[in-house]
Every structure is written in C-alpha cells, then in structure tokens.
Amino acid sequence: MGKRLRTATQEPLPQKPTPAYSSDVTYEGIDYTAIKEGLATVLFPKRSVKKDKHGKEYEVVGEVFYNPIQQFNRDLSVLAIKTFADIWGEEKSKKGRKKMRGEKEGKAAATDAAEVKPTEEATEMPDAPTVAADAPAGAAEALTTEAGDKPAKKTPKFAILDALSATGLRALRYTLELPQVTSATANDLDLAAVDSIRRNIRYNSEAGSSACPETLSAADAVGKIVPSLGNAQHHMYSVLSTAAAPPCPSGEFKPNFARYEVIDLDPYGTAAPFMDAAVQAVSDGGLLCITCTDAGVWASTGYAEKCYSLYGGLPVKGEWSHEAGLRLILNNVAQTAGKYGLYIEPLLSLSIDFYARVWVRVRNGPVHVKKLASTTMVVYNCDEGCGSWYEQRLGKAKEQTDKSGKGTFTKFGLARAPTVGENCPECKSPMHLGGPMWAGPLHSEAFVERFLTTVEEANEAIYSTIPRITGMLQTALQEASLNGHPFFHIPSKLSKTLHCEAPPSAALRGALIGLGYKVSRSHCKPSSIKTDAPHHVVWEIMKRWIESKPRKEGACKEGTPGFNIMNKPKREELDIKFDIELGKDADKESGVVRYQVNPTANWGPMARAGGQRVEIEKAGEEEGEGESKKRVSLRNDCDWGIQVDSYAEVG
C-alpha cells in the first residue's frame, strides 16, 4: 500500500503533525517555543549554543523535539496510571485495615494474658505521623491530618520513575494531573536534557495549574519531581543498593532509594536493554509502562536475527505480526522477571501506529513463576499458504485433584511435540517457526473495564485523544474475552487464498456465532476477526460462502493452497448461516475511533533531536557534514546498547 497523501474528500494531507497548543514566550530573558500538552508546558529554546567533538561552539536554531503523534501515548499513560493508582490505593487500604485488625486482636490477647503491675502503668500515646523510610531520595510522603486528636493519615507512597525523560514532559503531566503521585524522578543521561527538565519545572511552578488547584498548587505538584542525571539502568539498579545515607538525627540509617510503584520506559527504539533493571526496581505489584518503537524488528521478518537477540524470539510474517510482536515483548519481560522469582500480569497490551505499548504488573511469586513454561509458546505459521497457525506450548500445567478429593494442585510437565507436521494441515504449504512468545492474556478484563470508567470521567479539554482512547479500549475489552486464543483472521486475506469475493465481516462473524463460537475484533487491525473456532471450521465457512457467491471456474490452479482447501471433504454436520444481524457489533458507538487513519502524510516516529546548524566556519563545513553523518550512524547503533537512553523521545 502506498503512502496516504489525501483525505477522503481528496484534500491534500498536512506534511507533518503540529502541536495543538504552541506559542512564543520569553522566560528568564530567553526566547522559547512553549508547547502545552495536558496541564504541562515544555519550553524549547529558539536558539541554543552547543559544542562539537573538537570543543568548537556552534549555534542551533529551532531545535524542537516534540512529537504530537505521541500525545495519544501520553494521554493513555496518564489515565492508565490514574486507574492503577486508584487500584493500588484500594489494595493498600485493604491491607492496612487487615493489619490493624490483626494488631488490635493481638493487643487484646496480650492484655488478657499479661499481669499488669500498678507501679508500671503508663499511658500509650498515638504514634506521630512519619515519612516512609523507604521513600525515594528527595521525596516526602504526603500526610493529611484528620480533625480531632486522631493521628495523621499517611498517604500511600506512589513514586514514579520517568527513566528516559528528555524534557520531563511525562513527569510534569504525572505530577500535575495525578494527585496520588507522591514523587516522580525524571532521569536522563544528557546534561542538557536535565537542565531542560529543571527549567520546565520552574516554568510550570509559576505558570502552570494542577488537576486539583484547590488542594494542590502547581508549585507543590511539580515540586514532587526529582531531576536525575545518569544512566537509566544504573539508576534503576541503584534502588537495590544497601548503601546508606548520612545518619538521621535519630541515629538511624535510611536507604538512599526505594523501589518505584511505576516505571515508565519510553526509549527511541527498543526497551530490551532496560528490562532487567526495570523488573527489579519496581515494587511488588508495581506497574511497568513499556514502549518499543522498533516495529520493523518485532513485527516483520526483515531483521529476524536482531529480533531474537533483543527479545529472545523470532518474529512472524502475516496479518497478525503486530500481535505476535506484542507477545515477543511480553515474553521478554516475563523471562527476565522469572529469573528473580517474579511473574507478570499484563493489564493492557497495545500495538499503536508505529510502536508497541504495554502496561504490566510485576509481582513476587515463585509459585506462579512455575507456570512460565506453560504460558510460553512457539507458533507454526503457514505464511506462504493459507495463513493458518498452530500453537506449541513449551510446558504443560494441569490442575489435578489431591488425595483427599477436596482440593486441587497443579502438576507441571513436558509438553508433547510437535502439534503439526512440516506442512500445513489445511493447504499443505510449508510451515515456518515463530517465537518463543507469550501465550497468556494480552489484557486484564477487569482493568480495562475500570480504565473505561476512568476515561468516562476524564476532562476532554485536557485529554483531547479521548475518542480514540475509548475506541481502542472497547476493542481491547472485546479482545480480552478471547484471551486464551491468540491471533486473528482477515476476511480479505481468506478470500484472496480462495480467489473469491470477500464476505462482509458481519456475515462471517454471524456464521461463527451461529455455530456457537466466540468472536471479537483485534485492536491491531481493522476488519479483523478473532475467534476460538478451529481453522478447519473457518475454511468450511468460506467454502459455503463460495457456494452462495460462485466464483469463475478454475479460479485456483492445481497445487495452490486454495485448490487444496477446496478439495477437502465437505463437513455436512456444520449448519452454517450467514446471519449479518447476528454478526453486527453490539457495542459500536458513534464518535469513537477504533482504528486511527493517518491524519498527516508523514505519520510516524520523528528523527532524533536536531536543529539547523549555523555560523560554522567554511573550513570546517566538510568536517561538520562528515561528523553529522557519523553521529547518525552511532545513534542508530545505540538501539543495541545502553546509550539508547540519551536519545529518548520527549515524554
């Protein structure tokens, strides 16, 4: 398919996306371009002076690295973290009440059993409110005082790490828009980026506003941000250190850092180099928000060897390659976590535009880690023929009844292999191998339902991408009903194999539902049909469709996949009816966007930051050009190494 250059009304598309709110401001005596997103504003200097590798200064004009395309990512992330923060607070409150009941019962039992001497009577004073000992460096716990003589109620620690912060836009939005956040660390490897973060904090403290201005000023909100200069991996590993800070007045030692409740990884390219540090630096039950923009690696077979080295699995070729890419990323997180007795719970996994974004809870549970092999699979893919696929789990986990007959236990073992032969059972074409990849659910149905409630209550003036967020979440909720059945069919692809007219999606869905199978969409692709029906049933439905819509004689040549499928015996036991009314989407709403149509001609990842270089001596022009080319080459290579965090996208 060629690049989309015109709208549906044949109007030319804009060449590139532009920010929704942009203005020129002068701050601290310097001219800036101010870009507002959500409640946060970031400043980009009109002119800046930099040094080349020889130490010579040069001026850069108009260097603005802000990608409006990623506003959807950031809006989605803010609302996802808000949903998670509510769940986290409820869980902590529940644990606190349970602990308090246990302590009261223990004290009552101790009082009944102990002999109290009159001379040793004392009045127990309520504990004073304290700051959590495991709070991150520079973070203070928010304490709210209740009326009367009751002790202050401690707000649960909810610390966020924006590991690859660039301008600090994500950290600014998290603190300004989420009052539950107690601290946010904005880390970057580039000194200029950290200076930019500090400047944006100052500006927003003076000119910004928070989501709850009555109870939290903008200055107090952005005051929770801790700028950090350093390597992202080193920073995350440092929270595991037992190094102690200088002694407190009480004489106690406190750790320099604590694990984060949320870690946001949004690099330029792959997040694979940061996985090991991230799964260890997040709290038990905490949230990892991971972006991978290297779709050319995990969603195509052009760089299969690189995909394996980064994600530990091979990509697949086909209509569902992006879902397979999501599963490769999740498997990488799961395998990395499993080494430390941790397991993952994917809350939401989305393939969006040119990147993947997953929200994953990481929990401590060696017992659950035993299920890792049985939730990992390889895929046999008929990518040269009919497009059918077959799973092969790496391990087996079976629930069995114990000897008492009252309880159950899980028995683990080796899976039988292979599930298919070298050739496709449907069309006899060669099969190719993909994976290992995640075989478990992509989404948590309960979380997506809660997320939709959060979106309904959100302010569209702040979150302008709400129509698209709603549409994608509704599709993900449909998809979650078939979590145990990976991948999907495309009607046009099925008809292409058989050289026939494509059936309407509603007709194909209606036929499947009429046979008692579940059906949903996939968020990855328009016109997709995800189902728990086996492949032979899908092909039988297509053969019946051809009976109702005859094709020309000899449409499929002998030996082709379509010919082999059409010559398989008819399954008379299947009563197939193409009921369009039955197959219509019941939850389709007007005004929501299920699948984004590119609004500009150049819709995709932006080039790394760079402006127009001026005032360079003529003698150094050739050298400067060569240096520029060399710099681009090195940055591309950085996708493999730890230096990738110095070129993170804004936010």
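Glu37, Arg74, Asp75, Arg173 and Glu177 are joined in a network of salt bridges, and this network is a good place to start in what is a predicted model. Within the network, pick out Arg173 and Glu177, whose side chains meet in a salt bridge with an N to O distance of 2.9 Å. Both residues belong to helix H2, which spans residues 169–177, and they sit four residues apart, about one turn of the helix. Arg173 has a relative accessible area of 1% and Glu177 one of 4%. Each counts as buried because the cut-off for that label is under 20%.

Let's widen the view: a search of the whole structure finds 25 salt bridges. Side chains of opposite charge can pair when their charged atoms come close. Which residue does Glu426 form a salt bridge with? The partner is Lys568, and the closest N and O atoms are 3.3 Å apart. This pair links distant parts of the chain, 142 residues apart: Glu426 is in the loop between strand S18 (408–414) and strand S19 (432–438), while Lys568 is in the loop between helix H16 (561–566) and helix H17 (580–583). Glu426 is buried at 7% relative accessible area, whereas Lys568, at 29%, is partly exposed.

Now stay in the loop between H16 and H17, where you will also find Lys570. Lys570 forms a salt bridge with Glu547, with 3.2 Å between the closest N and O atoms. Here too the pair links distant parts of the chain, 23 residues apart, with Glu547 placed in helix H15 (residues 535–548). Lys570 is partly exposed, with a relative accessible area of 39%.

Key: Residues are numbered from 1 along each chain as its sequence is written. This is a predicted model: local features need pLDDT of at least 70, side-chain atom pairs count only at pLDDT 80 or more; totals for chains, interfaces and linings use all residues. Side-chain values use heavy atoms; hydrogens and water are left out. A salt bridge is a side-chain nitrogen of Lys or Arg within 4 Å of a carboxyl oxygen of Asp or Glu. Helices (H or I, at least four residues) and strands (E, at least two) are DSSP runs, numbered from the N terminus. Buried means under 20% relative accessible area, exposed over 50%, partly exposed in between (1.4 Å probe, protein chains only).
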